[in-house]
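Visitor: I should like to learn how features of a protein model are read from its coordinates. May we take them one at a time?

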Amino acid sequence: MNVGSQVGSIEAFTLIVRRELCLSFRRPDQLLQPLVFFLIVTTLFPLGLSLQLSLLRDMAPGVLWVAALLSSLLSVDSLFKSDADDGTLEQLALCGQGLTVIVVAKTFAHWLVSGAALVLVSPVVGTALGIPTGVFPTMMLSLTLGTLTLSWLGAIGAGLTVGLKRGNVLLSLIVLPLAMPLLIFGAGATDRAISGSSAAGALYFLAALCVFTCTLAPFAATVALRITLE
Amino acid sequence: MWTWFYKLASPPYVYGAAAALVPWFLGAAALALGYGLIDGLAIAPPDYQQGDAFRMIYVHVPSALLSLTVYTVMAAASAVALIWRIKVGHAVSAAAAPIGASFTLLALVTGSLWGRPMWGTYWAWDPRLTSELILLFLYVGVMSLRSAFEDPERGDRAAALLATVGVVNVPIVHFSVVWWNSLHQGATIVKLGAPSMAGSMLWPLLSMWLGFMLFFAAVLCIRLQGEVLNRERQTKWVREAIMVRREVKS
């Protein structure tokens, strides 16, 4: 008798999310690495460019978004890797729950510890880059939508490259082109808010991309994982 | 009901059809490209603003259009291969990817050469140009993902999924002209109402576009034969087909 089939999808979802969070919080250094990376990359730009706050403010949205993109990409690489290496993923796939539930739960947990954490840190970085405080709501909202979409795009990439030994560079090559509209509209929304015009259009577009990705990407990521697991 | 579909997609049939179609496609492409080049480069009047430099359009626009068309063909073949598990779809996808990447590169190079006299710069961070560059990265991603797997079948399916997912980017590239107000000029041919181009300039362009399409079809058929032979190299019909070829040659 298959024990897993007695557990409902929602219950399985919460169980996996709890497991993932538990695993992440037992290794706080790994949890902090993407955030520290995010901070370091955003520190590099002022050092490399100039100390003029006006110039920095013009660059800030782009810098913030590129850093978020790279940081998210860095952490998503390990989304399925350790579980695939020690066979946990195969066990999860065999437990009677649909693979999609597992993928959704794992990606959501990954977003909570990487994307959501990044959004919470972003005001600090925003202040350092000279973004006015009034823009923070727009910036954080755009980053929330953006990182959620990114986690999903990353899940597809991670699913496709999980079986490969050197999948890291390939993962960037796969995910970054797909993330281009995010960068344009995400940085665009923050940029508009800084210059005082309405950011609503760009935010709506980001939200549309987010909904679109969150609905379709789980299936794509499941197929990707199935291709590499088989 | 679907038996004809599967018969159509069987490797020996595809191999034979591709071989038979190549000369037709090549001949038609030569006619269309010949007319387009002569009319476009020599007969059509120079542009009143751009002079003779506008003639770059006869290579640039068809290759840019083809870069999108080939991606769509590749993604469609990949989707067919994924959904109905038709292996020839993977062969079509693998055969189309390098051709599409070449057209994309050609569009970028001719565009930058055209941009120098017209915009005063080889490269502008115009959304359209950037999107075309991203399209090139998408092609490279699909090609390198396919070759990254040791098991070719797995590589095929992974690349097929990526191509299907990446097709989202194709409309974004196409409509970026409309979405972002940019340096690049808007649509000239495909839009509601009359085209904003004189007929004497338009006809060679359409002919070039048709020629590029036919040329793509011909190259695709040639590459497809190679892909099919390579994938089916363990089968009996391939051995027989090669024997027949050898006999014809000797």
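Visitor: Where does W24(B) lie, and is W24(B) buried or exposed?

Guide: This is a predicted model. W24(B) belongs to helix α2 of chain B. Burial is read by counting C-beta neighbours: a residue with 20 or more others within 10 Å is buried, one with 12 or fewer is exposed, and the rest are partly exposed. W24(B) has 13 other C-beta atoms within 10 Å and is therefore partly exposed.

Visitor: How far apart are W24(B) and L214(B) in sequence and in space?

Guide: The two separations are read independently. W24(B) and L214(B) are 190 residues apart in sequence, with 9.1 Å between their C-alpha atoms. For F25(B) and K7(B), the sequence separation is 18 residues and the C-alpha to C-alpha distance is 23 Å.

Visitor: Is F25(B) buried or exposed, and which residues does F25(B) touch?

Guide: F25(B) sits in helix α2 (residues 11–43) of chain B. Because 20 other C-beta atoms lie within 10 Å, F25(B) is buried. Leaving aside residues up to four places away in sequence, F25(B) touches L214(B), A217(B), A218(B) and C221(B). As a general idea for such a list, an α-helix has 3.6 residues a turn, so residues three or four places apart point the same way.

Visitor: What share of the contacts in chain B joins residues at least 24 apart?

Guide: Among contacts between residues at least 6 apart in sequence, the share is 76%. Chain B has nine helices and zero strands, and buried residues account for 40% of its 250 residues.

Visitor: How does one check the length of a helix, for instance α3 (residues 57–84) of chain B?

Guide: One compares the end-to-end distance with the rise expected per residue. At 1.5 Å a residue, the 28 residues of α3(B) should span 40 Å, and the end C-alpha atoms are 40 Å apart, so the two agree. A second case is α8(A): its twelve residues reach 17 Å from first C-alpha to last, close to the expected 16 Å.

Visitor: How many residues of α3(B) are buried?

Guide: The count is 20 of 28, and α3(B) is thus described as mostly covered. In α8(A), the buried residues are G167(A), L171(A), L173(A), I174(A), V175(A), P177(A) and L178(A).

Visitor: What follows α3(B) in the chain?

Guide: Backbone torsions are informative here. α3(B) is followed by R85(B), which has a positive phi of about 55° although it is not a glycine. R85(B) lies in the loop between α3 and α4 (87–119) of chain B. With 10 C-beta neighbours inside 10 Å, R85(B) counts as exposed.

Visitor: Which members of the largest nonpolar core touch the most other members?

Guide: In soluble globular proteins, nonpolar side chains tend to be buried together. The largest nonpolar core here has 134 residues, and A224(A), A96(B), L161(B) and L162(B) touch the most other members. The largest share of this core, 15 residues, comes from α3(B). Setting aside residues up to four places away in sequence, A96(B) touches V70(B), V73(B), M74(B), A77(B) and L220(B).

Visitor: How many residues of each chain are in contact with the other?

Guide: An interface is read by listing the residues on each side. Here 15 residues of chain A are in contact with 17 residues of chain B. On the chain A side, α7 (136–161), α8 (167–178), α9 (180–195) and α10 (200–229) each supply at least two residues. By class, that side has 14 nonpolar, one polar and no charged residues.

Visitor: At what angle do α10(A) and α6 of chain B cross?

Guide: Crossing angles over 145 degrees count as roughly antiparallel. The axes of α10(A) and helix α6 (residues 152–166) of chain B come within 9 Å and cross at roughly 170°, and the two helices are therefore roughly antiparallel. A220(A), V223(A), A224(A), I227(A) and T228(A) meet R154(B), R157(B), A158(B), L161(B) and V165(B). These residues divide into seven nonpolar, one polar and two charged.

Visitor: And which classes of residue make the contact of α7(A) with α9(A)?

Guide: The axes of α7(A) and α9(A) come within 9 Å and cross at roughly 175°, so these helices are also roughly antiparallel. The residues of their contact divide into five nonpolar, six polar and no charged.

Note on methods. Residues numbered from 1 in each chain as written. Chains lettered and ligands numbered in written order. Predicted model: local features only at pLDDT ≥ 70, side-chain atom pairs only at ≥ 80, totals over all residues. Helix = DSSP H or I, 4+ residues; strand = E, 2+ residues; numbered from the N terminus. Contact = placed C-beta atoms within 7 Å. Nonpolar A, V, L, I, M, F, W, Y, C, P; charged D, E, K, R; others polar. Axes fitted to C-alpha atoms, helices over the stretch in contact; angles between N-to-C directions. Parallel < 35°, antiparallel > 145°, perpendicular 65-115°, else oblique. Expected span 1.5 Å × (residues − 1). Core = buried A, V, L, I, M, F, W, Y, C linked by C-beta atoms within 7 Å.
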